[in-house]
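Welcome! Please take a look at the sequence and the structure below, and then read on for a short guided tour.

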Amino acid sequence: MAVRTRTRWPALPVLPDAATDAVVASGLLPELAHAFGGPFHFLLPDAFTANLRALQGTLEAAGVDGFIYYAKKANKAAVFVEQAAAHGAGLDIASVAELREALGHGIRGEHLVVTGPAKNPALLRLAVTHSALIAVDALDELDAVIAIASAGHIRPARVLLRVLPPLQPHSRFGMTDGELTTALERCRQAGEALRTEGFSFHLSGYALQPRADLAARLVELCLKARVMGLEAGRISIGGGLPVSYTDADSWRAFLETQRPAHYHAGKSFDSGDFYPYHSPESGAHALAALLRARPQHAHGKTLAKILTNAGVELLLEPGRALLDRAGATVFTVQGTKDRDGHQLLTVNGTSLSLSEQWFGSEYLPDPLLIPLVPLNPATAPGVFPASVGAATCLESDMLTWRKIAFPQRPRPGDLLLYPNTAGYQMDSNESPFHDLPLPPKVVVDRIDRPRPRWRLDRHFT
Ligand SMILES: Cc1ncc(COP(=O)(O)O)c(C=O)c1O
C-alpha cells in the first residue's frame, strides 16, 4: 500500500542524461538482465570522450600547455583506456597489472604516470623501461629509481617529486620540505640517469582554491629546481575535479530534509561523509575556474598566467570527472518484504558493486525503478518507500539504507538502475562473495539508433 503521509521524502534526482534515458527507452536492459541472470554495468564510452575533450578544450582555451592522465583506479573497464589512447590522453596507474592493461589497450609508455606510495620494485623497473613518468613519494623510493636507472637502462628515469600538502600535514603521501631539499640534491647528483621533470600532489576533498595555491607553490619549486640545473618543466595536480550528480536545490533540500527516520533501521550517516553531490563548478568548468583562480601570494596573477609565464606544463589525473555519466548499474529485484511501513527489497547482487557503503557512506542518487509491468498511465503515481539490501547473509550489506520513495510498488523481477556509477562505484570493491559472479560490463554505443548497439567490455579468449 502506498504511504499516505505528508512526510517530505528526501530525494536526490540525477541531472538529466539523454544517453541513459535512451538506453532505458530502448528496452535493452530487461533483455540484458535476462541474458546475464545477475547484475550488470553498462558503459557509455561517448560520455568519457566528451568529458576528455571538454577538459582538453579548457586547457587550450586558457592557452595553458597541459596533458590529461585518466586515473584508471576509478574503473577497471578496458573501453575507457582505449578511449583515452584514441583521444590523446595518458593513464595514471599504480600497479603492474594496471600498467599491463594500459600498454595492452594502446597507451604508450611515455603517456603513463605512476602514482601511489612505496611502489613495487617490478613496477618501478617497468616504469623506467617504458619511459613512464614516476611520481616519487619518498626518499627511499627515489634511491630505488636512481639505482634502477643507473644500472644500464638505455633511458633515464623520468620523475616528479610528490609534495606533502601543507594543508594536509597528516597525509601519508608526499615529501616534507626537508625531504624535498634532500631529494633535489640527490636528483642533481644522479646526473644523466634521471630526468627531474617537476613536482606533483593530490589533495583530498574537492575545493579549488587550495589546489590553485599549491599549484602555484609547485611552480615556484620548479623555478628553484631549474637554478640547480634540473629540467623541472611540469607539475601534476592529481585528481579531485568535482562532479555534480544533481542540481543545487535538490542537494540543499536533501541535506535539510534527511534524518535517521528516512533510513532502514534508523541508520544515520554523517552528512559530512557524503560525497558533495552538487558543486557550483564541476568537470571542465571546475578546471576553467581553477585556471582563473588567483593563488595566495601571487600578486593577483591567475594560475593560468603563472603557468604560462614560467613555461610550466600542467598535468592532471582526473578519474571521476572523466567518468561522469559514463555508465550505470542494473540490479533485478529478487524479493520484497514489508517492514514498519516501508518495503525491504533484496536485489540479485551486493553492495560490493556499489562501493560507497564501503567508505562508511551511501551512494545517494535515486535509483530508477524499471518495472516489469509499467504503471497504468491512468493511475496516479503513489509513494512507495523502500530500502535496498543485497543477496548476501551480511546484515550490513545494504545498497541503499535510505527509504527511496518509488512511484509504484517494486516487485520481484523489476529492475533497479543506479545512475552515473562509472566513477568508483562499479568495481573498486568488487569481490565474488558467496561465489556470486562479478557483474559483467556491457559497452553501449550508437545511442542515436532506435536500438543501441552493445558488446562485452572485453572479448574473452
Ligand atoms: C594520485 C591520485 N591521482 C588521481 C586521483 C583521482 O582522483 P579523482 O577521481 O577524484 O579525480 C587519485 C584518487 O585517489 C589519486 O590518489
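## A nonpolar patch on the surface

Trp358, Phe359 and Leu394 make a nonpolar surface patch of about 320 Å². Keep in mind, here and throughout, that this is a predicted model. One of the patch residues, leucine 394, lies in the loop between β13 (384-389) and β14. With a relative accessibility of 35%, leucine 394 counts as partly exposed, because that value falls between the 20% and 50% cut-offs.

## The strands on either side of that loop

How do β13 and β14 run? They are antiparallel, and five bridges join them. To find one of these pairings in the viewer, look for proline 385, whose bridge partner in β14 is alanine 405.

Strand β14 is mostly covered, with eight of its nine residues buried.

## Salt bridges across the chain

How many salt bridges does a search of the whole structure find? The count is 24. Let us visit three of them.

Start with glutamate 197 and arginine 158, whose side chains meet in a salt bridge with an N to O distance of 2.6 Å. Glutamate 197 belongs to strand β7 (residues 194-200) and arginine 158 to strand β6 (residues 157-162), so this pair ties together parts that are 39 residues apart in sequence. Are these two residues buried or exposed? Glutamate 197 is buried, at a relative accessible area of 1%, and arginine 158 also counts as buried, at 9%.

Next comes arginine 409, which forms a salt bridge with aspartate 338; their closest N and O atoms are 3.2 Å apart. Arginine 409 sits in the loop between β14 (398-406) and β15 (415-418), while aspartate 338 is in strand β10 (residues 327-339), so the pair ties together parts 71 residues apart in sequence. Here the surroundings are partly open: arginine 409 counts as partly exposed at 22% relative accessibility, and aspartate 338 counts as partly exposed at 48%.

## A buried pair and a network

The third stop is lysine 441 and aspartate 427, where the side chains meet in a salt bridge of 2.7 Å, N to O. This pair links distant parts of the chain: lysine 441 is in strand β16 (residues 441-445) and aspartate 427 is in the loop between β15 and β16, 14 residues apart. Lysine 441 is buried, with a relative accessible area of 11%, and aspartate 427 counts as buried at 0%.

Some salt bridges share partners, and in this way Arg158, Arg195, Glu197, Glu231, Arg234 and Glu313 are joined into one network. You have already met two of its members, Arg158 and Glu197, as a salt-bridged pair.

## Around the ligand

Which residues surround the ligand? They are Ala71, Lys73, Asp92, Arg162, His202, Gly239, Gly240, Glu317, Pro318, Gly319, Arg320 and Tyr424.

Three polar contacts are good places to zoom in. A polar side-chain atom of aspartate 92 is 3.3 Å from a nitrogen atom of the ligand. Glutamate 317 also places a polar side-chain atom 2.7 Å from a ligand nitrogen. At glycine 240, a polar backbone atom is 2.9 Å from an oxygen atom of the ligand. On its own the ligand has 400 Å² of accessible area, and the protein covers 85% of it.

Key
Residues are numbered from 1 along each chain as its sequence is written. This is a predicted model: local features need pLDDT of at least 70, side-chain atom pairs count only at pLDDT 80 or more; totals for chains, interfaces and linings use all residues. Side-chain values use heavy atoms; hydrogens and water are left out. A salt bridge is a side-chain nitrogen of Lys or Arg within 4 Å of a carboxyl oxygen of Asp or Glu. Helices (H or I, at least four residues) and strands (E, at least two) are DSSP runs, numbered from the N terminus. Buried means under 20% relative accessible area, exposed over 50%, partly exposed in between (1.4 Å probe, protein chains only). Patches are made of residues with over 30% relative accessible area and no salt bridge: like charges are joined within 9 Å, nonpolar side chains (Val, Leu, Ile, Met, Phe, Trp, Tyr) within 5 Å. Accessible areas come from the Shrake-Rupley method with a 1.4 Å probe; for residues, only the protein chains shown count as cover. Two strands pair if DSSP finds at least two bridges between them. A residue is near a molecule or strand if one of its heavy atoms lies within 4 Å of it. A polar contact is a pair of N or O atoms within 3.5 Å; within protein, one must be able to donate a hydrogen and the other to accept it, and residues adjacent in sequence count only if both atoms are side-chain atoms.
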